[in-house]
Amino acid sequence: MFAEQIAAGVRERDPVNGIRIVGVDGPSGTGKSHLASRLSGLLGAPVIEIDDFVSWDCFDGWWPRFDEQVLSPLLAGRDAVYQARDWTDWYGSSLGGWKTQRWAPTVILEGVTCTRRDTIGRLAYAVWVEAPAELRLARGLARDSGFPGTEALWARWMREEDAFFRADRARERADRVVDTSAFGVTADS
């Protein structure tokens with residue numbers, strides 16, 4: 001039901017530079033992907049995943065590339081053309097092929113830190129998705145269990161998230177906060 005309420009709220013917002021960019025942010029393992037997918041269907045909007053930019057060894061350094069290749073072009077009325085992260089290099093930060101997201105009147109950004117301070121005045125709507133740390137970790141480990149060392153990667157990543165969000169305060173700027181703790185470990189993250 002909250003997806004429908006968020007979609008209605010997005011429709012009521014004025015576009016920024018002619019486009020409604022919606023950010024679905026929050027720590028890993030909260031269910032952002034699931035919510036973004038539901039919003040995509042309700043709004044007829046494409047989703048650009050931050051997972052196409054991040055890597056385990058680069059929590060925050062990808063942002064300038066994202067801004068240059070995705071956010072700024074969309075706000076200028078152009079298609080987003082970006083080089084996606086190559087996740088066959090699970091532990092590294094290799095880039096893979098190029099993707100094009102055609103400009104659309106509404107676009108959803110989904111992923112960790114996508115509503116960061118650098119987006120103030122550039123997004124039409126910001127959603128913060130949250131769940132308790134132990135549940136987020138359980139969801140992440142369930143999803144990524146096929147890779148050795150996953151628990152250590154997740155523990156480090158969660159510390160980096162906590163530090164970033166504490167300083168950035170994205171949750172406080174959100175138009176809507178969604179708590180997914182009632183959905184258990186099986187919730188998409």
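Is Phe165 buried or exposed, and what is its relative accessible area? In this model, which is a predicted one, Phe165 is buried, with a relative accessible area of 11%, and I would like to start from that residue and work outwards through the aromatic rings, then the charged side chains, and finally the cysteines.

Let me begin with the partner of Phe165. The ring of Phe165 pairs with the ring of Trp128, the two centres lying 4.7 Å apart and the planes standing at 90 degrees, so the arrangement is edge-to-face. Trp128 belongs to strand 6, residues 125-130, whereas Phe165 belongs to helix 5, so this pair ties together parts of the chain that are 37 residues apart in sequence. Trp128 also counts as buried, at 5% relative accessibility.

A search of the whole structure finds 16 aromatic pairs, and another one that I want to show you is the pair of Phe59 and Trp157, which is edge-to-face as well, with 4.7 Å from centre to centre and 65 degrees between the planes. Here the link is between distant parts of the chain, 98 residues apart, since Phe59 sits in the loop between strand 2 (47-49) and helix 3 (63-75), and Trp157 sits in helix 5, residues 150-168. Both Phe59 and Trp157 are buried.

If we now put these rings into their wider setting, the four residues I have named turn up in one aromatic cluster, which consists of Trp56, Phe59, Trp87, Trp90, Trp128, Phe147, Trp154, Trp157, Phe164 and Phe165. One member of that cluster, Trp87, also has a charged neighbour, for Arg85 lies over the face of Trp87, at 4.0 Å from the ring centre.

That brings me to a second arginine placed over a ring, and to the residue on which I will spend a little longer. The charged end of Arg116 sits over the ring of Trp62, 5.0 Å from its centre. Arg116 is found in the loop between strand 5 and strand 6, and it is buried, with a relative accessible area of 3%. Leaving aside residues up to four places away in sequence, Arg116 touches Asp25, Asp60, Trp62, Trp63, Phe164, Asp168 and Arg173, and Phe164 in that list is one of the residues of the aromatic cluster.

Which acidic residue meets the side chain of Arg116 in a salt bridge? The partner is Asp60, with an N to O distance of 2.7 Å. Asp60 lies in the loop between strand 2 and helix 3, while Arg116 lies in the loop between strand 5 (106-110) and strand 6, so the pair ties together parts that are 56 residues apart in sequence. The two ends of this bridge have separate burial labels, since Asp60 is partly exposed, with a relative accessible area of 33%, whereas Arg116 is buried.

The count for the structure comes to 12 salt bridges, and I will take two others from it. Arg122 forms a salt bridge with Asp67, the closest N and O atoms being 2.8 Å apart. Arg122 is in the loop between strand 5 and strand 6 and Asp67 is in helix 3, so this bridge ties together parts that are 55 residues apart in sequence. In this case both Arg122 and Asp67 are buried.

The other bridge joins the side chains of Arg38 and Glu4, at 3.0 Å from N to O. It links helix 2, residues 32-43, where Arg38 is located, with helix 1, residues 2-12, where Glu4 is located, the two residues being 34 apart in the sequence. Arg38 is partly exposed, with a relative accessible area of 31%, and Glu4 is partly exposed too, at 37%.

Finally, the cysteines. How many disulfides are there? The count comes to 0. Cys58 is in no disulfide, and the nearest cysteine sulfur, that of Cys114, is 16 Å away, a separation to be set against the cut-off of 2.5 Å for two cysteine sulfur atoms. Cys114 likewise is in no disulfide, its nearest cysteine sulfur being that of Cys58. As for their surroundings, Cys58 counts as partly exposed, at 26% relative accessibility, whereas Cys114 counts as buried, at 0%.

Notes
Residues are numbered from 1 along each chain as its sequence is written. This is a predicted model: local features need pLDDT of at least 70, side-chain atom pairs count only at pLDDT 80 or more; totals for chains, interfaces and linings use all residues. Side-chain values use heavy atoms; hydrogens and water are left out. Buried means under 20% relative accessible area, exposed over 50%, partly exposed in between (1.4 Å probe, protein chains only). Rings of Phe, Tyr and Trp (its six-membered ring) pair if their centres lie within 6.5 Å; planes under 30 degrees apart count as stacked, over 60 as edge-to-face and the rest as tilted. Helices (H or I, at least four residues) and strands (E, at least two) are DSSP runs, numbered from the N terminus. A charge sits over a ring if NZ of Lys or CZ of Arg is within 6 Å of the ring centre and within 35 degrees of the ring normal. A salt bridge is a side-chain nitrogen of Lys or Arg within 4 Å of a carboxyl oxygen of Asp or Glu. Contact means heavy atoms within 4.5 Å.
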